[in-house]
Amino acid sequence: MTIKITGTGSALPEKKVTNFDLQELVETSDEWIRERTGIAERRISTGDTVATLSAKACSKALEMAGKTAEEVDLILVATCSPEMLLPCCACQVQDIIGASNAAAFDLNAACSGFLFALNTAYVYMQAGIYKNALVIGSEVLSKLVDWSDRGTCVLFGDGAGAAFVEASAEDIFRDNGRKVSMECMVQGSDGTKGMVLSCAERSVDNAFIAEKQTISPYIQMNGQEVYKFATRQVPACIHEALDKAGITVEDVDMFVLHQANVRIIESVAKRLKADISKFPMNLDKIGNMSSATIPVLLDELNRGGRIQGGDRIVMSGFGAGLTYGATVIVW
Ligand code: ACO
């Protein structure tokens with residue numbers, strides 16, 4: 001049996017917001033933002049929602065896979081910024097694209113969300129429950145950002161990426177002898193560090209509570225703690241995944257990491273003793289889109305012809321929760 005990604009797609013809002021635009025909002029500079037994060041501009045929604053961006057990305061992924069929406073078995077949307085609690089975003093996507101035969105639900109593992117959703121889809125397929133899935137990472141974080149907080153507003157952007165994943169009964173071997181597969185996945189969480197990166201939705205409120213609690217609805221972050229977590233945990237979980245798969249860093253063609261920060265990615269490459277050229281990046285143009293960064297980058301690489309059949313790719317996500325994961329696939 002082979003499980004493979006046969007289509008990718010992405011969707012970004014039209015509006016570009018540069019570091020110079022942000023200089024008009026908060027006390028910051030293009031130089032500070034580029035040096036500390038690697039980000040030059042990001043896309044910001046002026047009306048797109050998590051569901052509409054997801055649906056656009058899904059349509060492109062389905063077109064590439066040569067499938068119709070009716071053929072989709074499962075829709076998983078990884079998001080931490082849905083506009084609506086009910087119905088879930090995946091059901092809204094089902095409605096927009098007309099995937100009337102799919103089961104659909106959301107999953108929130110923040111910046112690791114796409115990977116956790118991809119792993120979930122793989123497990124459903126390995127169990128023979130579904131034959132295919134649309135796996136989506138989609139965020140409109142701009143509504144969760146306090147645009148007067150220079151510590152966070154410079155980091156994030158909006159966008160969505162999708163992958164269509166299919167199972168087939170036969171094994172597929174590429175020219176380099178590698179079998180198309182998901183070789184292994186590692187997932188982990190550390191809830192004790194949850195408040196390092198948080199965003200409240202609403203407090204407990206009902207007819208039986210006299211004193212109302214006021215909460216900030218915006219993202220709160222201890223940047224240095226997130227940095228320490230990412231640079232320690234990501235290399236560790238990639239090593240764990242490689243060990244499980246019985247391979248080494250040299251056997252990997254490409255590392256598709258969550259695009260939070262250039263310095264984090266450079267540090268991970270250094271700790272893994274891997275050449276930085278194996279770590280494609282696009283965050284200079286689109287910033288950190290949480291669960292959307294990995295599928296958007298994957299789509300960019302796929303459409304740009306930078307992924308060949310038989311390439312071994314390690315995807316790794318890390319973020320609020322705290323959550324982290326690494327998945328090794330052969331394309
Ligand atoms: N422009 C100018 N100055 C700023 C800005 C800004 N946008 N933001 C903060 N500063 C100032 C601070 O106020 C502080 O000033 P002070 O010394 O006068 O108090 C100074 O810069 C240093 O602040 P630090 O927070 O110590 O800056 P640091 O070097 O840690 O960089 C950053 C901050 C970029 C957030 C860094 O901690 C980081 O990369 N952390 C990882 C967090 C991350 O990537 N989060 C993304 C979301 S989580 C995820 O996706 C996994």
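**Ligand contacts.** I started with Gly-223: a polar backbone atom of this residue is 2.9 Å from a nitrogen atom of the ligand. I call that a polar contact, meaning a pair of N or O atoms within 3.5 Å; within protein, one must be able to donate a hydrogen and the other to accept it, and residues adjacent in sequence count only if both atoms are side-chain atoms. Bear in mind that this is a predicted model, where local features need pLDDT of at least 70, side-chain atom pairs count only at pLDDT 80 or more, and totals for chains, interfaces and linings use all residues. Residues are numbered from 1 along each chain as its sequence is written, and side-chain values use heavy atoms, with hydrogens and water left out.

Next I looked at oxygens of the ligand. Asn-261 puts a polar side-chain atom 2.5 Å from one ligand oxygen. For Arg-150, an N or O atom in the side chain is 2.9 Å from an oxygen atom of the ligand. How much of the ligand's own accessible area does the protein cover? I get 73% of 1000 Å², by the Shrake-Rupley method with a 1.4 Å probe.

**Shell.** I found 25 residues around the ligand, with Thr-28, Arg-36, Gln-224, Asn-261 and Asn-288 coming nearest; a residue is near if one of its heavy atoms lies within 4 Å. Which helix gives the most to this shell? That is H7, with four residues. Elements supplying at least two residues each include H2 (30–37), H6 (150–153) and strand E12 (312–319). Helices (H or I, at least four residues) and strands (E, at least two) are DSSP runs, numbered from the N terminus.

**Cysteines.** I searched the whole structure for disulfides (cysteine sulfur atoms within 2.5 Å) and got zero. Why no bond for Cys-58? Because the closest cysteine sulfur, in Cys-89, is 9.0 Å away, which is too far. Cys-199 misses out too, because its closest cysteine sulfur, in Cys-80, is 8.0 Å off. I noted Cys-58 as buried at 0% relative accessibility and Cys-199 as partly exposed at 33%; buried is under 20% relative accessible area, exposed over 50%, partly exposed in between (1.4 Å probe, protein chains only).

**Glu-71.** I located Glu-71 in the loop between helix H3 (50–65) and strand E4 (74–78). Glu-71 is partly exposed, at 36% relative accessibility. Its side chain reaches the backbone nitrogen of Thr-68 at 2.8 Å. I also checked Asn-132, 61 residues from Glu-71 along the chain: their C-alpha atoms are separated by 8.4 Å.
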